[in-house]
Amino acid sequence: MSESIFSRYSCRKFSEKPVTDEQLTTITKAGMCAPTARNERPWEFLIIRSEEGRKKIAEASPYAESCLNAQAVIVALADSRRISKDSPWWIQDMSACVENMLIEITELGLGGVWLGLYPRQERGKAIAEAFGLESELIPFAAVPVGYPDTKDIKKERFESERIRWEQVKSE
């Protein structure tokens with residue numbers, strides 16, 4: 001079993017210990033390894049380090065206060081120019097991308113949390129305007145990253161009653 005999957009949690013409090021450009025690149029590289037329908041790979045990334053930029057992200061969503069004390073925020077963007085007109089799968093592609101990043105964040109000993117931007121148009125619009133993004137780039141999620149300030153207690157999430165096993169009906 002992958003320890004990173006089972007120990008990952010939504011970290012919202014970060015220490016002042018710096019995160020390196022190499023770590024951030026590794027995180028985005030993990031995102032780019034996600035499965036993707038039709039090999040469209042719609043992702044691009046905006047990495048924000050400045051206090052001013054992190055504040056703009058925090059102002060774009062009522063749940064993004066954790067961006068203020070993170071060392072960086074990675075915004076996962078979907079490039080609509082890479083998405084087929086008849087394809088609804090880009091949302092799944094982007095979700096897999098963000099989950100890969102969260103697992104890699106844990107693997108690196110860092111903390112992060114998935115902050116949804118899409119489909120809330122007002123959040124995406126605020127991000128696009130704040131950072132001058134082209135209209136084809138859809139802000140999908142923001143992921144604040146840093147070293148955890150506190151170690152959360154691991155919570156057991158497995159619930160066997162949520163598993164349904166095939167029941168073959170005999171005629």
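Hi everyone, let me start with the aromatic residues: Trp90, Trp114, Tyr118 and Phe140 come together as one aromatic cluster. Before I take that cluster apart, please keep in mind that what you see here is a predicted model.

First, some orientation. The chain has five helices and five strands. Reading from the N terminus, their order is α-α-β-α-β-α-β-β-α-β. The C-alpha trace covers about 65 × 45 × 30 Å along its principal axes. Of the 171 residues in the chain, 42% are buried. If we take contacts between residues at least 6 apart in sequence, 80% of them connect residues at least 24 apart.

A word on the surface, too. The chain exposes about 10,900 Å², with carbon and sulfur atoms supplying 49% of that area. There are 24 positive and 27 negative charges, and the mean positions of the two sets lie 2 Å apart.

Now back to the rings. How many aromatic pairs does the count come to? The answer is four aromatic pairs, and I'd like to walk you through two of them. Trp90 and Tyr118 have ring centres 4.8 Å apart and planes at 70°; planes over 60 degrees apart count as edge-to-face, so that is what we call this pair. Where do the two partners sit? Trp90 belongs to helix α4, residues 90-107, while Tyr118 is in the loop between β4 (115-116) and α5 (121-131), so the pair ties together parts that are 28 residues apart in sequence. As for burial, Trp90 is buried with a relative accessible area of 10%, whereas Tyr118 is partly exposed at 33%.

The other pair is Trp114 with Phe140, and this one is tilted, with 6.4 Å from centre to centre and 55° between the planes. It links distant parts of the chain as well: Trp114 is in the loop between β3 (111-112) and β4, Phe140 is in strand β5 (residues 137-146), and they are 26 residues apart. Is Trp114 buried or partly exposed? At 32% relative accessibility, Trp114 counts as partly exposed. Phe140, on the other hand, is buried, at 5% relative accessible area.

While we're on rings, have a look at two lysines. The charged end of Lys17 sits over the ring of Tyr147, 4.2 Å from the ring centre. Lys56 lies over the face of Phe131, and there the distance to the ring centre is 6.0 Å.

Let me finish with two buried positions. Thr28 is in helix α2, which runs over residues 21-32. Its relative accessibility is 9%; the limit for buried is under 20%, so Thr28 counts as buried. Leaving aside residues up to four places away in sequence, what does Thr28 touch? Its contacts are Phe45, Ile47, Ile74 and Met101.

Then there is Val75, in strand β2, residues 72-79. Val75 has 0% relative accessibility and counts as buried. With residues up to four places away set aside again, Val75 touches Glu44, Phe45, Leu46, Ile48, Ile57, Leu117, Ile127, Ala141 and Ala142. So you can find Phe45 in the contacts of Thr28 and also in those of Val75. And if you'd like a distance to try out on the model, the C-alpha atoms of Val75 and Glu159 are separated by 32 Å, with their positions 84 residues apart along the chain.

Thanks for listening, and I'm happy to take questions.

Note on methods
Residues are numbered from 1 along each chain as its sequence is written. This is a predicted model: local features need pLDDT of at least 70, side-chain atom pairs count only at pLDDT 80 or more; totals for chains, interfaces and linings use all residues. Side-chain values use heavy atoms; hydrogens and water are left out. Helices (H or I, at least four residues) and strands (E, at least two) are DSSP runs, numbered from the N terminus. Buried means under 20% relative accessible area, exposed over 50%, partly exposed in between (1.4 Å probe, protein chains only). Contact means heavy atoms within 4.5 Å. Accessible areas come from the Shrake-Rupley method with a 1.4 Å probe; for residues, only the protein chains shown count as cover. Lys and Arg count as positive and Asp and Glu as negative; His and the chain ends are not counted. The place of a charge is taken as NZ of Lys, CZ of Arg, CG of Asp or CD of Glu. Rings of Phe, Tyr and Trp (its six-membered ring) pair if their centres lie within 6.5 Å; planes under 30 degrees apart count as stacked, over 60 as edge-to-face and the rest as tilted. A charge sits over a ring if NZ of Lys or CZ of Arg is within 6 Å of the ring centre and within 35 degrees of the ring normal.
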